[in-house]
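Thank you for making time this morning. I would like to walk you slowly through one structure, taking a few side chains at a time, so please have a look at it before I go on.

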Amino acid sequence: MSRIVFNSLRRHCLSQFRTALLQRPIFRARELCLSSAAGAPQRKGKDEFSQLEAAHSPDHFGTLSPQVDEPETPDEGDLKEEDYLQNVPTRGQQLSVRQYADMIKDHIKNNRIREALDVVEVRMKRDRVKPVNYHFNLLIGGCARVGYSKKAFQLYNKMKQHGLKVTGGTYTSLFNACAISPFLADGLKRANGLREVMLEKGYEPNESNYNAMIKAYGRCGDLKTAFQLVDEMVARRLNVSTDTFNFLLQACISDREYGFRHALLVWHRMHRMRIGPDRYSFNLLLRCVRDCQLGDLETTEQVIEQIFSQSIAAGQQQPLLTGSEESTVAVANANSSDLTDRLNHEGVPDLLSANPHLGSLVKLGEVRKAEDRLLLLGGTSNVLAEMKRCNVEPDIRTMTELLDVIPPTNAAEKHLLTTIKQLKLGCDIDFFNILIKKRSMRFDYDGAREVLYMIEAANLEPDIVTYGVLALGCTTQEEARSLLKMMEQAGVRMNIQILGAMLRQGCAKHNFRYITEVLNIVKRERLKPNEPFLRHLDEFGKVCEKRDRDYDAKPRKKGRDEFKAEYNRYRMQLDAWREHMGLQGLALDQALGIVREHPWEQFKQSQPDGFEAVKNPKLRHARKKQHSIRRVDVEAIDEGDETKQVQVVRDGTQ
């Protein structure tokens, strides 16, 4: 009992002693620091450690870090984490998979790519809902339709990171993104990489995948791979449809030098495989007529001879389609007299039908323009007759393509308008815009302005493009002012393209005052000059410098003083304009780098609100108005001396 009492007293005494010891400071660093500050100036260096406290006690470890006040501004990451933990969305705030998908589709339909991306990257993340592969496929498809290939592949990689299944539709959309990409080299590189991924995974492409691959390689300029993919489809016994050949025709359009003869080979391959062309096929072929050349004559002659030989031996087995035009076909049983008869067949050439012939054409060297290539197909009448044989009805798009390739005469245009009237087709404003442009390019400015009466008679209204092509005919300041006043009355705001067309005319006419007025309008309306605008100014500047040097070499030459006065005034105003635009002292390449907009920047920000058709999604995606031209007086069109039919004859003259 005494031992227990003794131990209790001992513990009590030790406790009191420990408390007294802890309350007694061993180092009074702060007091020493204060006393030294009163008698002498404070030292730096070691005195900075005066805020540290230490204690030689096993029960008190002290501190080795200075006493610092807590920051007044909280960490941003902590705030986000706290907000994430506290603001948990309710069930009512979360939408279903279908509802999120409908939001994405609605934005994509109206070309609001940024808003569509935000549904997954912002809205669903905030709602704490995991996206599924359907959402990613929608976004990849939306980016593909506008050529935003970089973002499409980023979504594809994110899709794989989420462990979502990559479907055949995903690959199709990615190849479409490569096809429509504004950067052909980048699109081709991505297409090659994606194709390697498919091979590594052992994925066998379906027909849609093949068509998308053909489209991608063709539009990116790799025609050889595009043709090889068709051979691969045939070898795998997949269905080669009209759509497949349409994508091949798109590939032909991408080759401006040899595309027309490529298109001829593709077209007759369709005949041999008994695949009927559709309206889109004819429209693409006419686009090849407009944009593509024959290439070197020797190879083109071999291609035409190959087409004739294959048409004669149509019943024999044909080789697979290849990208090499020099490949020949064995025609052991072909009757050479049949070929001679076709070559000597008189009349308009016809390389369009299944039984082609050259008619009266012998010299291919005379085929240089689009209207000459159209004659190789038999002209407008034969194209429409071939469409009828294939049970294909032309639409106004077909007529617009034909308008682009017919001879630039009033007679040819009148014939086409009569055909539209007979077929009872509805015209849209695009057709009349091309007609205005065609007449303006041949300097028939009065005829171009007459098209406005046709537009009014067809119950249509001019759009922004109409005023743009009308600006091509504004050769004087008065005409330009009249057009701008017409636009103001119609409630249409001018753009840099219209002013660029006026600038082009001012430069062509060497009218300094006209050019200066255009520059002042650009400055007043706060418009940003584009690449063609600056190129017109640069080329005109070179012409003026050369003319100025010529006058310096010949001081007594007539008109020198007037030119010098106008030119010096123009240069002063141009320098002031360049300084206002932030382009002063920059070379052309540097200036183009400033004004050139990246094609993907528009998809990185929200779509601006506006009332113009190009900005308002409801107007942009509305169906284009089409009306009959029955009220247009076609007979009133003056043919002049252009009633003679243009025909290619044996000696190659027209």
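Let me begin with two neighbours, phenylalanine 431 and phenylalanine 432, both of which are buried in this predicted model. How do the rings of phenylalanine 540 and tyrosine 570, another aromatic pair, sit relative to each other? They are edge-to-face, with 80° between the planes and a distance of 5.7 Å from centre to centre. This pair links distant parts of the chain, since phenylalanine 540 belongs to helix α27, residues 531–553, while tyrosine 570 belongs to helix α28, residues 560–581, and the two are 30 residues apart. Phenylalanine 540 is buried, at 3% relative accessibility, and tyrosine 570 is likewise buried, with a relative accessible area of 3%.

If you now look around that pair, you will find one aromatic cluster, formed by Phe512, Phe540, Tyr551, Phe563, Tyr567 and Tyr570. Two of these rings also have a charged side chain to consider. Lysine 557 lies over the face of tyrosine 551, 5.7 Å from the ring centre, and arginine 571 lies over the face of tyrosine 567, in this case at 4.7 Å from the ring centre. Across the whole structure, the search finds 16 aromatic pairs. One of them is formed by the phenylalanines I started with, 431 and 432, which meet edge-to-face at 5.6 Å centre to centre, with 80° between the planes.

Let me turn to the charged residues, for which a search of the whole structure finds 36 salt bridges. I will show you three of them, beginning with aspartate 446 and arginine 449, whose side chains meet at 2.7 Å, N to O. Where do these two residues lie? Both are in helix α22, residues 445–457, and they are three residues apart, which is about one turn of the helix. Aspartate 446 is exposed, with a relative accessible area of 54%, whereas arginine 449 is partly exposed, at 33%.

The second salt bridge joins glutamate 517 to arginine 481, and here the closest N and O atoms are 3.0 Å apart. Glutamate 517 lies in helix α26, residues 512–524, and arginine 481 in helix α24, residues 477–490, so the pair ties together parts that are 36 residues apart in sequence. Glutamate 517 counts as partly exposed, at 23% relative accessibility, and arginine 481 is also partly exposed, with a relative accessible area of 43%. Salt bridges can also share partners, and in this way Arg114, Asp118, Glu121, Lys151 and Lys158 are joined into one network.

The third salt bridge is between aspartate 127 and arginine 126, with the closest N and O atoms 3.8 Å apart. Which of its partners is buried and which is exposed? Aspartate 127 is buried, with a relative accessible area of 5%, while arginine 126 counts as exposed, at 53% relative accessibility.

Finally, I would ask you to look at one residue of another kind, serine 281, which lies in helix α14, residues 279–291. Serine 281 has a relative accessible area of 0%, so it counts as buried. Which residues does serine 281 touch, if we do not count those up to four places away in sequence? They are Thr242, Asn246, Leu249, Trp267 and Met270.

That is where I will stop, and I am happy to go back to any of these places with you.

Key: Residues are numbered from 1 along each chain as its sequence is written. This is a predicted model: local features need pLDDT of at least 70, side-chain atom pairs count only at pLDDT 80 or more; totals for chains, interfaces and linings use all residues. Side-chain values use heavy atoms; hydrogens and water are left out. A salt bridge is a side-chain nitrogen of Lys or Arg within 4 Å of a carboxyl oxygen of Asp or Glu. Buried means under 20% relative accessible area, exposed over 50%, partly exposed in between (1.4 Å probe, protein chains only). Helices (H or I, at least four residues) and strands (E, at least two) are DSSP runs, numbered from the N terminus. Contact means heavy atoms within 4.5 Å. Rings of Phe, Tyr and Trp (its six-membered ring) pair if their centres lie within 6.5 Å; planes under 30 degrees apart count as stacked, over 60 as edge-to-face and the rest as tilted. A charge sits over a ring if NZ of Lys or CZ of Arg is within 6 Å of the ring centre and within 35 degrees of the ring normal.
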